[in-house]
Amino acid sequence: TEQIVYCEMTDQQADIYEKEKSAIRNSILENISEQGFERSTISIMRGLTRLRQVANHPAMVYTRENLDSGKFEEIVRGLENVVSEGHKILVFSSFVKHLNLVAGYLDETNTGYEMLTGSTVNRKEVIRKFQHDEKIPVFLISIKAGGVGLNLTAADYIFILDPWWNPAVENQAVSRAHRIGQDKHIFVYRFISVGSVEEKIIRMQERKELLGRDFVESANPLRLLGEQKIMEILD
């Protein structure tokens with residue numbers, strides 16, 4: 001069972017997001033004007049990534065204290081519910097910074113977890129602990145590190161914290177739990193911040209604008225999107 005969880009940004013987060021979006025949009029337009037669209041794709045990707053991070057949690061971009069996030073509140077609420085009911089959960093993110101924020105919450109609440117990122121050296125031990133230790137209900141995984149070679153049938157819930165435009169990568173992550181030997185129903189939740197670039201991408205996917213094979217498999221999908229669509233995303 002798959003579900004999109006739409007998260008309202010907090011007032012503070014929405015204010016930061018709008019200011020960032022305006023600055024990034026102006027910067028991208030300037031780049032395109034000076035260098036052309038083709039040569040601006042790296043700066044566009046950098047800008048979109050920054051907006052994605054703010055849509056997740058402003059603390060991923062800013063170091064000042066007392067920053068909040070509507071999405072993070074929803075994630076925490078979901079984790080509390082799933083763990084309290086005795087389930088095991090895989091938490092995927094494209095950003096290790098995002099996983100670290102969730103790890104901070106789990107540390108504060110004394111909730112057992114393991115984490116798998118590109119820098120994890122003892123992969124087998126980390127996986128074994130999650131699979132067999134009842135005191136470890138949460139497994140934090142970076143999507144890049146968790147793409148292959150994992151069989152995590154102990155989990156029956158999956159949270160994808162920051163969906164983006166390649167559903168094939170996310171489906172590969174989901175299949176870590178949905179494997180041979182899995183005897184439980186799997187629940188997948190994708191968290192999307194309302195009014196953000198994330199929601200714009202999801203809407204385009206729903207309209208079948210971003211699901212073509214050429215787009216999904218492209219090393220540079222921005223080039224295929226074109227300038228007009230990029231500006232729609234940043235509108």
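Which residues does Ser93 touch, not counting residues up to four places away in sequence? The legend to View 2 gives the list; the views are taken from a predicted model.

**View 1. The whole protein, with nine helices and six strands.** The radius of gyration is 18 Å, close to the 18 Å that the globule rule gives for 235 residues, so the protein is as compact as a globular protein of that length. The C-alpha trace spans about 55 × 40 × 35 Å along the principal axes. Of the 235 residues, 51% count as buried. Among contacts with a separation of 6 or more, 76% join residues that are 24 or more positions apart. The protein exposes about 11900 Å², and carbon and sulfur atoms supply 47% of that area. There are 29 positive and 34 negative side chains, and the centres of these two sets lie 6 Å apart.

**View 2. Ser93 in strand E2.** Strand E2 covers residues 89–93. With a relative accessibility of 0%, Ser93 counts as buried, since buried means under 20%. The side chain of Ser93 reaches the backbone nitrogen of Phe95 at 2.9 Å. Residues up to four places away in sequence aside, Ser93 touches His98, Leu99, Ile141, Ser142, Ile143, Leu161 and Asp162.

**View 3. Phe130 in helix H5.** Helix H5 runs over residues 123–132. Phe130 has 0% relative accessibility and counts as buried. Once neighbours within four places in sequence are left aside, the contacts of Phe130 include Lys88, Ile89 and Leu90. Glu114 is also in contact with Phe130, as are Ile136, Pro137, Val138 and Phe139. Leu152, Ala154 and Ala155 complete the list of contacts. Gly112 is 18 residues from Phe130 in sequence, and the two C-alpha atoms are 9.3 Å apart in space.

**View 4. Gln131 and the backbone of Ala154.** Gln131 is a residue of helix H5. A polar atom of the Gln131 side chain lies 2.9 Å from the backbone nitrogen of Ala154. Not counting residues up to four places away in sequence, Gln131 touches Lys88, Asn151, Leu152, Thr153 and Ala154. Lys88, Leu152 and Ala154 are also among the residues in contact with Phe130.

**View 5. Arg123 in helix H5.** Is Arg123 buried, partly exposed or exposed? Its relative accessible area is 29%, so Arg123 is partly exposed; the class lies between the limits of under 20% for buried and over 50% for exposed. Arg123 and Ala145 are separated by 22 residues in sequence, with a C-alpha to C-alpha distance of 9.8 Å.

**View 6. Phe37 in the loop between helices H1 and H2.** Helix H1 spans 11–35, and helix H2 spans 41–56. Phe37 has a relative accessibility of 13% and therefore counts as buried. Apart from neighbours within four places in sequence, Phe37 is in contact with Ile32 and Ile44. The other contacts of Phe37 are Leu222, Arg223, Gly226, Glu227 and Ile230. Phe92 is 55 residues from Phe37 in sequence, and their C-alpha atoms are 32 Å apart.

**View 7. Asn66, a residue with positive phi.** Phi of Asn66 is about 60 degrees, although the residue is not a glycine. Asn66 sits in the loop that runs from helix H2 to helix H3, the latter covering 70–84. The relative accessibility of Asn66 is 70%, so the residue counts as exposed.

**View 8. Asn110, with positive phi in a loop between a helix and a strand.** Asn110 is not a glycine, yet its phi is positive, near 55 degrees. The loop that holds Asn110 lies between helix H4 (96–108) and strand E3 (113–116). Asn110 has a relative accessible area of 72% and is exposed.

How values were computed. Residues numbered from 1 in each chain as written. Predicted model: local features only at pLDDT ≥ 70, side-chain atom pairs only at ≥ 80, totals over all residues. Heavy atoms only, no water. Helix = DSSP H or I, 4+ residues; strand = E, 2+ residues; numbered from the N terminus. Rg over C-alpha atoms; globule rule 2.2 N^0.38 Å. Buried < 20%, exposed > 50% of the residue type's maximum accessible area, 1.4 Å probe, protein only. Contact = heavy atoms within 4.5 Å. Areas by Shrake-Rupley, 256 points an atom, 1.4 Å probe, with all protein chains shown as cover. Lys, Arg positive; Asp, Glu negative; His and termini not counted. Charge placed at Lys NZ, Arg CZ, Asp CG, Glu CD. Polar contact = N/O pair within 3.5 Å; in protein donor to acceptor, adjacent residues only side chain to side chain.
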